[in-house]
Amino acid sequence: MNSSISPKSSRDCGVIIESSLSLRNAGPNGDLNFSLPVRPILLPTELRKSKKSAKVLNDNIRKMASEEYVLCVATIEVRKNHMYQVRIWERLIKEFGEKIPKLVWVGKWGWQIDDLRHHLAEQGCVGDWLFIFNDISDDELEFLYNHCLFTIYTSFAEGFGLPIGESLAYKKPCIASNTTSMPEVGGRFVRYLEPWNQSEGYAVVRDTILDPKGLAEWTADIEANFHPKTWQEFCDEFFSTAIGTSTALPKGPGLLNCLLPKNSIIEGGDDALLRMAAEHKPIITFRAARDSGWFYMENWGVWASERRSSLVFDCGLKQGDKVRIYLEVKCPPRSSEISLVVNAGAELASFKLYEWNRFISFEGLVGENGRVTISLLARGRFGDVDHRSIHTGLTSMAYCDGSDPLARIDLLEKVTLYSQIEHLRREA
């Protein structure tokens with residue numbers, strides 16, 4: 001889900017998001033737990049209109065017109081689930097040989113794909129049955145859409161899923177994941193698969209390829225009945241919703257877009273995000289609590305970009321209430337004599353950091369409007385990672401009502417169990 005607010009800018013505002021799925025996720029009782037007015041507006045799927053003939057300069061793209069192929073338009077990164085497609089095509093080719101259409105990917109190389117790159121190189125499939133294009137023009141992308149049999153989009157999770165609507169706007173059938181907002185984009189015009197179930201995905205793709213008559217009927221249905229949402233419709237809806245929402249907002253201080261639950265281990269890394277989505281659990285992370293001094297999220301958590309960093313979140317408790325806070329932290333490899341000074345309003349505490357994760361615990365006070373602010377100062381000589389100057393690493397956090405002994409015991413037990421499970425996971 002993509003929203004246009006941050007923890008610092010959400011006072012006295014609402015959230016306009018791109019799908020009803022995001023609306024269900026974003027509200028106070030939803031997966032993303034925003035405590036703000038939230039209104040969904042579906043993005044447009046109308047294509048650009050040009051009277052000029054398409055210019056395709058790439059010879060390799062022009063040659064694709066003589067091939068039967070299935071198209072996937074997506075950044076090549078872990079969330080888009082490209083390995084899922086590779087496994088399906090490997091099985092199809094093993095079973096049916098040369099009659100299987102080629103697979104074409106359009107997208108830049110992204111992140112966390114070392115295993116995918118290694119597999120593609122080891123199997124020698126690029127240029128054989130798999131073709132990869134990036135940095136291509138709009139005309140060349142249009143050419144690939146127009147000449148493909150159908151498209152495939154197997155992402156684990158999306159805030160919208162624009163290539164699905166784009167495919168339908170080009171009158172091309174699409175096979176897509178049945179998760180998050182993607183069914184909302186494709187509706188009845190798309191066939192769906194479970195992105196964690198390769199056997200199911202294989203059956204859906206196989207049956208589509210082996211049934212050209214059915215594929216032709218599917219295409220004809222899209223041509224006759226799918227009507228893209230126009231940019232004019234989107235703009236009209238967007239501005240009317242923005243004006244209506246702003247006039248209905250109450251006066252007074254607003255909340256952050258980060259209300260974190262008590263007595264829970266709250267993670268933030270990409271792996272945790274995918275796991276929550278796969279298990280259909282509420283997607284509650286500490287991502288929006290990063291107030292200042294942080295890099296982008298990674299699979300395990302996040303590094304601080306400065307010695308001084310801060311976390312800010314709403315807790316639902318009253319101003320002046322005590323909170324017991326836990327942070328799961330570490331320092332970069334090749335660091336020495338690292339200490340972390342923390343202050344959450346109740347005490348100034350210092351902890352030694354190591355290259356492995358450990359929980360630190362300290363007292364805090366709830367500030368104005370039920371807000372908790374944690375200031376962090378990292379001291380010592382830090383090792384560099386990927387040519388970046390990095391400092392404190394944060395994997396998870398938790399807090400409870402500091403004046404409730406039972407809540408403190410309960411959270412301590414959860415933190416202890418979580419630490420043991422994470423240790424076993426790392427050792428596996």
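Q: How does the span of helix α3 compare with 1.5 Å a residue?
A: It agrees: the 15 residues of α3, 82-96, should span 21 Å, and the end C-alpha atoms are 21 Å apart in this predicted model.

Q: Nice. Which residues of α3 are buried?
A: His82, Tyr84, Gln85, Val86, Ile88, Trp89 and Leu92 are the buried ones.

Q: And what covers them?
A: The cover for the buried residues of α3 includes four strands and two helices by name: β3 (69-73), β4 (102-106), β6 (150-153) and β8 (190-193), along with α4 (114-123) and α8 (198-209).

Q: Let's zoom in on histidine 82. Is it buried or exposed?
A: Histidine 82, which is found in α3, counts as buried because its relative accessibility is 2%.

Q: What is histidine 82 in contact with, leaving aside neighbours within four places in sequence?
A: Its contacts there are Cys72, Ala74, Thr75, Ile76, Glu77, Trp105 and Leu116.

Q: What about phi just after α3?
A: Glycine 97 sits there, with a positive phi of about 70°.

Q: Which residues other than glycine have a positive phi, then?
A: Two to look at are aspartate 135, with phi near 55°, and lysine 171, at about 65°. For background, most residues other than glycine have a negative phi.

Q: Where are those two found?
A: Both are in loops: aspartate 135 is between β5 (130-133) and α5 (138-147), while lysine 171 is between α6 (162-169) and β7 (174-177).

Q: Buried or exposed, for aspartate 135?
A: Exposed, with a relative accessible area of 79%. Lysine 171 is partly exposed, at 24%.

Q: Switching to sheets: what is the strand order in the parallel one?
A: That is an open sheet of six strands, running β5-β4-β3-β6-β7-β8. β5 and β8 stand at its edges with a single partner strand each, so one side of each has no neighbour in the sheet. On average, neighbouring strands here are turned by 25° against each other, direction ignored.

Q: How many bridges are there between β7 and β8?
A: Four, in the parallel sense. One residue pair to look for is serine 177 with its bridge partner leucine 193 in β8.

Q: What does the antiparallel open sheet look like?
A: It has five strands in the order β10-β12-β17-β14-β15. At the edges are β10 (290-292) and β15 (348-352), each pairing on one side only. Neighbouring strands of this sheet are turned by 25° on average, ignoring direction.

Q: How is β14 joined to β15?
A: Five bridges link β14 (residues 336-343) and β15, and the two run antiparallel. Asparagine 343 has leucine 348 of β15 as its bridge partner.

Q: I keep looking at β18. How many of its residues are buried?
A: Nine of nine, across residues 393-401.

Q: Which strands pair with β18?
A: Among them are β9 (residues 266-267), by two bridges, β11 (residues 302-303), also by two bridges, and β13 (residues 322-330), by eight bridges. The pairing is antiparallel in each case.

Q: Which residues of β18 stand opposite valine 302 and lysine 330?
A: Valine 302 is opposite leucine 394, and lysine 330 is opposite glycine 393. From β9, isoleucine 266 has methionine 397 as its bridge partner in β18.

Q: Back to helices. What span should α10 have, at 1.5 Å a residue?
A: For its 18 residues, 231-248, the expected span is 26 Å, and the end C-alpha atoms are 26 Å apart, which agrees.

Q: Which residues of α10 are buried?
A: Phe234, Thr241 and Thr245. Seen down the axis of α10, the buried residues fall within an arc of 45°, so they line one face of the helix. As a general point, an α-helix has 3.6 residues a turn, so residues three or four places apart point the same way.

Q: What is exposed on the other side of α10?
A: Gln232, Phe239, Ile243 and Thr247 are exposed there.

Q: Last thing: what is the mean pLDDT?
A: It is 87 for the protein chain, with 87% of the residues reaching 70 or more. Residues 1-14 have pLDDT below 50, and this stretch has 45 contacts in the model beyond near neighbours in sequence.

How values were computed: Residues numbered from 1 in each chain as written. Predicted model: local features only at pLDDT ≥ 70, side-chain atom pairs only at ≥ 80, totals over all residues. Heavy atoms only, no water. Expected span 1.5 Å × (residues − 1). Buried < 20%, exposed > 50% of the residue type's maximum accessible area, 1.4 Å probe, protein only. Arc of directions from axis to C-beta. pLDDT = per-residue confidence, 0-100. Contact = heavy atoms within 4.5 Å. Pairing = 2+ DSSP bridges. Axes fitted to C-alpha atoms, helices over the stretch in contact; angles between N-to-C directions.
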